[in-house]
Amino acid sequence: MTCIVGIIEKGVVHIGCDSLASGTMFKRVRKDGKVFDKGEFIIGACGSYRLMNIIEHCFTPPYFKEDTMCISKYMSTDFVDGLKKTFKERGFLRSSESTIDKGGNILVGFRGRLFEVMVDFQVAEMEDEYAVIGSGYPFAMGSLNSTKNKSVRDRLILALESAEKYDLYTQRPFNFYEKKNKKS
């Protein structure tokens with residue numbers, strides 16, 4: 001459970017997140033992060049910390065062949081396939097004929113765009129310039145919608161503060177990241 005907020009402004013992806021790890025009967029602030037710089041990508045994840053460990057230390061996003069593929073297709077095919085392969089190699093995914101693979105909620109910033117990778121590995125890009133994953137979602141989304149006239153940093157802080165106030169599973173310290181679009 002967590003809150004990870006992403007905003008796009010002028011080709012830059014900005015992400016803010018909380019630091020709480022929690023379960024039904026506990027909560028602890030962790031030093032290890034929920035957002036990772038992976039070359040041209042910035043990736044935030046919620047759910048299992050094992051999933052986050054694998055993204056941070058084992059996952060290398062596949063090469064984007066921009067001459068042969070659009071970004072949306074790449075994210076829905078090569079990127080997700082590479083993520084699933086890495087999870088399987090590390091023993092994180094276990095599927096049978098009667099179930100589909102399930103990962104976690106992942107927010108990906110790539111080339112000035114934001115994508116959500118859902119637990120079933122579907123990929124979504126919303127029409128808004130912002131996205132949220134985690135249990136603080138409804139509170140952060142409401143804040144983002146009502147603060148469009150504020151700076152990006154203020155919007156991230158207000159969204160996380162709103163989630164922290166109303167969501168049991170979101171807590172400081174907050175961490176902030178940005179990824180500039182290296183390609184046009």
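1. The predicted model contains an open sheet of four strands, arranged in the order β10-β1-β2-β11 with antiparallel pairing. At its edges stand β10 (130-133) and β11, each of which pairs on one side only. Neighbouring strands of the sheet are turned against each other by 15° on average, with direction ignored. As general background, the strands of a sheet pair through backbone hydrogen bonds, either parallel or antiparallel.

2. The pairing of β1 with β2 deserves attention. Strand β1 covers residues 4-9 and pairs with β2 in the antiparallel sense over six bridges. Isoleucine 4 has cysteine 17 of β2 as its bridge partner, and valine 5 stands opposite glycine 16 of β2. The two strands form a hairpin with two residues between them, and in this hairpin lysine 10 takes a positive phi near 55°.

3. On its other pairing, β2 meets strand β11 (residues 175-180), again in the antiparallel sense and over six bridges. Here the bridge partner of isoleucine 15 is tyrosine 177 in β11.

4. Is strand β2 enclosed or open to the outside? Six of the six residues of β2 (residues 12-17) are buried, so the strand is largely enclosed by the rest of the structure. Val12, His14 and Gly16 point one way from the strand, while Val13, Ile15 and Cys17 point the other way; all are buried.

5. Histidine 14, which lies in strand β2, may serve as a worked example. Its relative accessibility is 13%, and because buried means under 20%, histidine 14 counts as buried. Leaving aside residues up to four places away in sequence, histidine 14 touches Val5, Gly6, Ile7, Glu9, Val152, Leu156, Tyr177 and Glu178.

6. Two helices should be considered together with the sheet. Helix α3 (residues 137-146) lies across β1 and β10 and runs at about 165° to β10. Helix α4 (residues 152-166) packs on the sheet and touches β1, β2, β10 and β11; the direction of α4 makes about 160° with that of β1.

7. Which residues of the largest nonpolar core touch the most other members? This core has 28 residues, and the ones in question are Ile55, Met75, Phe79, Phe87, Ile106 and Val108. At least two core residues are supplied by each of β6 (41-46), α1 (49-57), α2 (71-89), β7 (105-110) and β8 (113-117). The most is given by α2, with seven residues. A second, separate core has 14 residues, including Cys3, Ala140, Leu144 and Ala163.

8. Isoleucine 106 illustrates the contacts of one residue in the largest core. Not counting residues up to four places away in sequence, isoleucine 106 touches Ile43, Gly44, Ala45, Ile55, Leu83, Phe87, Phe115, Glu116, Val117 and Ile133.

9. Helix α1 merits a separate comment. The buried residues of α1 are Tyr49, Leu51, Met52, Ile54 and Ile55. In an α-helix there are 3.6 residues a turn, so residues three or four places apart point the same way. The buried residues of α1 pack against β3 (20-22), β5 (35-38), β6, α2 and β7. At the N-terminal end of α1, serine 48 acts as a cap: one of its side-chain oxygens lies 3.0 Å from the backbone nitrogen of arginine 50.

Conventions: Residues numbered from 1 in each chain as written. Predicted model: local features only at pLDDT ≥ 70, side-chain atom pairs only at ≥ 80, totals over all residues. Heavy atoms only, no water. Buried < 20%, exposed > 50% of the residue type's maximum accessible area, 1.4 Å probe, protein only. Pairing = 2+ DSSP bridges. Core = buried A, V, L, I, M, F, W, Y, C linked by side-chain atoms within 4.5 Å. Contact = heavy atoms within 4.5 Å. Axes fitted to C-alpha atoms, helices over the stretch in contact; angles between N-to-C directions. Polar contact = N/O pair within 3.5 Å; in protein donor to acceptor, adjacent residues only side chain to side chain.
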